[in-house]
Amino acid sequence: MINIIDKSKCCGCTACVQCCPKQCIVLKEDNEGFLYPEVNIEQCINCNLCTKVCPVIYPFKEKYPQKTYACINPNNEIRINSSSGGIFSLIAEKVIQNNGIVFGAIFDSQWQVIHSYTKDINSLYKFQGSKYVQSFIGDSYQKIKLLLENNTIVLFVGTPCQVSGLLHYLRKDYHNLITVDFSCHGVASPKVWSLYLNELCSKHCIEIHNIKHINFRDKQYSWTKFCFSIKYFNSKNNLIETFLEIHNNNIFMKGFLSNLYLRPSCYKCPTKNGRSQSDITIADYWGIQNIFPEMNDEKGVSLVLINTEKGKSFFPITQTIFRESNYENARQYNEGLKGCAITPENRESFFAKIDNSKSIISLVQKLYKPNIKKRIQRRIKKFINKLTSI
């Protein structure tokens, strides 16, 4: 049976919970805000299905992409509202046009991140854009299996560990399933996100129920100088207003990008770099100005990795503005494709203080980067490494 002792060995995909024939596994939230499976031993029949579907215990082998592309959605409105080049929408539209269903991450009514589904093209905007929080999968895998067995085309979009979790749960290949993951930095704690959002809204007199839209990658200034934004209704003046901060000034993004509150498994991810077995991987094509400068207009360019024959046959390449690329050229500029996030030295201290802190914003501000002594040591080490490599 599943027994989580080392939390870095659970990615939270919930495959074990959804496959249990006795429904004796439940998810419990720890002090960091992440969910972990807990088995009711009295009800367990020791079938070991929960361990057989675990992507951490039985990881897939690494897979090299078959094709690499730089792509742009020619619809500028969709592209601007997407994190990079707007490629997800093209894939999702094709699925829905073929009477399929799309599963992906959206915000719920309280602006927490959950996995949901749609068969309505007009609802795809909810699934657009990066959401840098671990989503709650719920019973998505169970629903997908039923749809697949009824010959419905299904597109599942998620983190590498969620895609791997789904494929482990299904335990067989389905011709009508398309899986898409992305170059993943890691997933932030839902608890930290909730505390931050509530404090930010209180500070700026924003009512949660008046929020209309949250965007972690707002391109108001540009693709590379993206912003965190909240659009909300201000009942005092009956206007829609916007809270906007460039990402390197926004405290939640600072903590996220410095790896301060990622899930423990993100520092030892067993599913990155082709090991999720997804059909397609999408990402930002960082460094596009060096590879294909003619494509760089600061509105966003997608890096698309075609990983399987199914992905190759399904991807609507002719509907995009594209250039075929070299994987290694693209990979050199994308940190998410190189390896796992590094555990920051202040992570343990951060979570030890989180429940007694009056301000999550102040706590992140204080701990998101190492102290001055450590920073000086790192710079010296980096300088010495450069000298020895000459």
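## A quick tour of this predicted model

Both Y285 and F292 are buried. Keep in mind that you're looking at a predicted model. Below we stop at some aromatic rings, a helix, a pocket, two residues with an unusual backbone angle, and a few residues with interesting neighbours.

**Aromatic pairs**

- Let's stay with the opening pair: Y285 and F292 sit edge-to-face, with 6.4 Å from centre to centre and 70° between the planes.
- As background, two numbers describe a pair of aromatic rings: how far apart the centres are and the angle of the planes.
- How many aromatic pairs are there? The count comes to 23.
- Another pair is Y141 with Y169, and this one is tilted: the centres are 5.8 Å apart and the planes make an angle of 40°.
- Y141 belongs to helix α5 (residues 140-149) and Y169 to helix α6 (residues 160-170), so this pair ties together parts that are 28 residues apart in sequence.
- Is Y141 buried or exposed? Y141 has a relative accessible area of 0%, so it counts as buried.
- Y169 counts as buried too, because its relative accessibility is 11% and the cut-off for buried is under 20%.

**Helix α4 and what follows**

- α4 covers residues 87-97, and 8 of its 11 residues are buried, so call this helix mostly covered.
- Which residues of α4 are buried? They are I87, F88, S89, L90, I91, A92, V95 and I96.
- Here's a handy bit of background: an α-helix has 3.6 residues a turn, so residues three or four places apart point the same way.
- Just after α4 comes N99, with a positive phi of about 60°.

**Two residues with a positive phi**

- For context, most residues other than glycine have a negative phi.
- N99 goes the other way: its phi is positive although N99 is not a glycine.
- You'll find N99 in the loop that runs between α4 (87-97) and β4 (101-107).
- N99 is exposed, because its relative accessibility is 67% and exposed means over 50%.
- C205 isn't a glycine either, yet its phi is positive, at about 55°.
- Where is C205? Look in the loop between α7 (190-203) and β8 (211-218).
- C205 is exposed, with a relative accessible area of 62%.

**The second largest pocket**

- How much space lies in the second largest pocket? About 620 Å³.
- The pocket is lined by 30 residues, and those closest to its centre are N81, Y125, K126, Q128 and H213.
- α3 (76-80), α4, β4 and β8 each give at least two residues to this lining.
- Which element gives the most to the lining? That's β8, with 5 residues.
- Sorted by character, the lining holds 9 nonpolar, 12 polar and 9 charged residues.

**F34 and its many neighbours**

- F34 sits in the loop between β1 (25-29) and β2 (35-39).
- F34 is buried, with a relative accessible area of just 1%.
- Not counting residues up to four places away in sequence, F34 touches K28, E29, Q134, V187, A188, S189, P190, Y261, L262, R263, P264 and R347.
- Take P190 from that list: F34 and P190 are 156 residues apart along the chain, but their C-alpha atoms are separated by 7.0 Å.

**N234 at the end of a strand**

- N234 is part of strand β9, which covers residues 227-234.
- N234 is buried, because its relative accessible area is 16% and buried means under 20%.
- A polar atom of the N234 side chain lies 2.9 Å from the backbone nitrogen of K236.
- Setting aside neighbours within four places in sequence, N234 is in contact with L239 and E241.

**K338 in a loop**

- K338 is in the loop between α11 (327-331) and α12 (347-353).
- Its relative accessible area is 36%, so K338 counts as partly exposed.
- What does K338 contact, leaving aside neighbours within four places in sequence? The contacts are N273, R331 and Q332.
- With Q332 there's a polar detail: its backbone oxygen lies 2.7 Å from a polar atom of the K338 side chain.
- K338 and K272 are 66 residues apart along the chain, and 8.9 Å separates their C-alpha atoms.

Notes
Residues numbered from 1 in each chain as written. Predicted model: local features only at pLDDT ≥ 70, side-chain atom pairs only at ≥ 80, totals over all residues. Heavy atoms only, no water. Helix = DSSP H or I, 4+ residues; strand = E, 2+ residues; numbered from the N terminus. Buried < 20%, exposed > 50% of the residue type's maximum accessible area, 1.4 Å probe, protein only. Contact = heavy atoms within 4.5 Å. 1 Å grid on protein atoms, 1.4 Å probe; cavity = no way out; pocket = protein on both sides within 12 Å on 5 of 7 lines; lining within 4 Å. Points joined across faces, edges and corners; volume = space filled by probe spheres on them. Nonpolar A, V, L, I, M, F, W, Y, C, P; charged D, E, K, R; others polar. Polar contact = N/O pair within 3.5 Å; in protein donor to acceptor, adjacent residues only side chain to side chain. Phe/Tyr/Trp six-rings, centres within 6.5 Å; stacked < 30°, edge-to-face > 60°.
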